[in-house]
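Some labels for parts of a protein need a reason behind them. Look at the model, then test a few of those labels.

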Amino acid sequence: MTPALSSTAPPPPPDRIPPGVHGALDYALLAPKHMDAAHHAYVAGGSGLGVSAQANRRAFDGWAVLPRLLRDVRHGHVRAVVGGEAWEHPLALAPVAFQALAHPHGEIATARAAEATGTCLVASTLSSRTLESIAQASGPARWFQLYFQPRREDTLQLVRRAEAAGYRAIVVTLDAALQTAGRQALAAGFRMPPTCVAENLRGQAPVEPPAPQPGQGRVFHAMHFAPTWADLDWLMAQTHLPVWVKGVLHPEDATALQARGVAGIVVSNHGGRGLDGAPASLQMLPAVRAAVGPGWPVLFDGGIRSGTDVFKALALGADAVLIGRLQVYALAVAGALGVAHLLRLLIEELQACMALAGCATLADIGPGALVAQPPAFPSLSEEMPC
Ligand code: FNR
């Protein structure tokens with residue numbers, strides 16, 4: 001088991017890829033052996049009953065990839081252009097908070113893996129390391145995920161720090177203004193260890209909402225600081241960096257954001273950690289792509305556990321995908337080496353899928369490469385947790 005983060009803890013053992021990792025999914029299967037059980041439950045679970053987290057996985061089972069014959073794919077590659085940036089491949093590391101739960105080096109290890117594999121890293125506001133130290137460890141392809149803070153000056157300070165540290169885009173997450181606890185994590189007795197803190201927010205003075213209106217209830221009271229369209233407009237006026245919005249599921253939100261001038265969107269249900277009961281993000285991807293039209297930047301995340309899953313998301317309209325829990329599992333199993341290995345495995349699995357489906361480049365991957373399949377037999381996603 002990976003030791004908990006502590007300043008007095010002995011240095012962690014050297015990272016090593018254990019036997020039995022043959023594909024990306026193996027990191028998810030091995031992770032429980034390498035993580036504290038409650039920490040694993042916190043990462044794996046969704047909010048509430050975990051309905052949307054499960055839906056994310058099941059949605060992939062509803063599609064099969066059609067093999068194609070005799071196509072010449074010898075010139076094949078997986079290079080992508082995402083929001084004007086040239087990427088070596090269409091994978092990025094999703095913002096995932098508190099990575100010190102998985103490995104003593106936390107986001108620093110993840111950043112090293114991103115650099116080694118030419119992968120864009122999206123660092124979370126709620127990282128267990130400062131955004132500056134993550135920037136130092138990562139390659140040039142780094143974006144900063146922003147949560148609006150109750151005070152605009154605190155939000156602005158995060159943006160200025162991200163600009164100064166060389167982050168190339170701001171990804172503002174809008175689907176998690178309220179996060180209900182996950183049943184799985186509660187049942188496992190999860191508590192955030194005192195050693196695992198949101199380093200970027202250190203020093204922020206606490207701020208209390210005004211007293212609740214009579215009969216308001218604690219949920220709507222807690223929404224007092226939740227951002228609105230005016231906050232997004234304000235943010236976009238503050239920074240020269242491209243602003244992406246993460247957490248889009250409704251096609252009308254997508255077109256409204258497009259009209260507002262955001263750089264692009266991430267179709268996502270926060271890995272099932274926002275509104276429990278929200279549809280799988282894969283289910284909404286085709287409608288969102290249809291709404292914003294071809295050629296406008298759309299990223300996707302939620303439920304990806306293999307290169308074939310990446311292929312399916314690209315076929316249904318994504319330009320590139322973000323990898324969430326899998327990165328944490330690989331981090332827990334084998335540190336920076338594990339995350340780099342995971343990314344290599346995903347890329348090779350994507351390439352193998354493309355080659356056999358007759359797609360030489362990402363531009364060749366379209367909805368015609370997939371066929372809907374009824375869930376006829378117990379699937380991988382039924383057998384394994386998120
Ligand atoms: C997340 N996610 C997330 N998103 C975000 O915008 N900021 C954050 O700080 C976090 N933190 C976070 C912690 C943990 C433990 C998880 C599992 C997820 C959501 C993440 O970016 C992504 O949307 C999902 O993880 C994608 O689903 P998969 O790949 O995990 O199935």
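The questions below deal with a core and two pockets in a predicted model.

Q: Why is the set around Trp143, Ile265, Phe300 and Phe311 called a nonpolar core?
A: Members must be buried residues of listed types, such as Phe, Trp and Ile, joined through side-chain atoms within 4.5 Å. The set has 121 residues, and these four touch the most other members. Buried means under 20% relative accessible area, so each member falls under that cut-off.

Q: Which helix gives this core its largest share?
A: Helix 13, residues 325-356, with 19 residues.

Q: What makes Asp175 a lining residue of the largest pocket?
A: A lining residue has an atom within 4 Å of a pocket point. Asp175 is one of the 37 that line this pocket, so Asp175 meets that cut-off. Ala176, Ala177, Leu178 and Pro227 are also among the closest to the centre. The pocket's volume is about 1200 Å³.

Q: Which element gives the most to that lining?
A: Strand 8, with three residues. Helix 9 and helix 10 also give two or more.

Q: How do you know that Pro227 counts among the 24 nonpolar lining residues of the largest pocket?
A: Pro227 lines the pocket. Pro counts as nonpolar, so Pro227 belongs with the 24. The others are eleven polar and two charged.

Q: What makes Arg273 a charged residue in the lining of the second largest pocket?
A: Arg273 lies among the lining residues nearest the centre of this pocket. Arg counts as charged, so Arg273 is one of the five charged residues there. The pocket holds about 760 Å³ of space. Helix 2 gives the most to its lining, three residues.

Terms used
Residues numbered from 1 in each chain as written. Predicted model: local features only at pLDDT ≥ 70, side-chain atom pairs only at ≥ 80, totals over all residues. Heavy atoms only, no water. Buried < 20%, exposed > 50% of the residue type's maximum accessible area, 1.4 Å probe, protein only. Helix = DSSP H or I, 4+ residues; strand = E, 2+ residues; numbered from the N terminus. 1 Å grid on protein atoms, 1.4 Å probe; cavity = no way out; pocket = protein on both sides within 12 Å on 5 of 7 lines; lining within 4 Å. Points joined across faces, edges and corners; volume = space filled by probe spheres on them.
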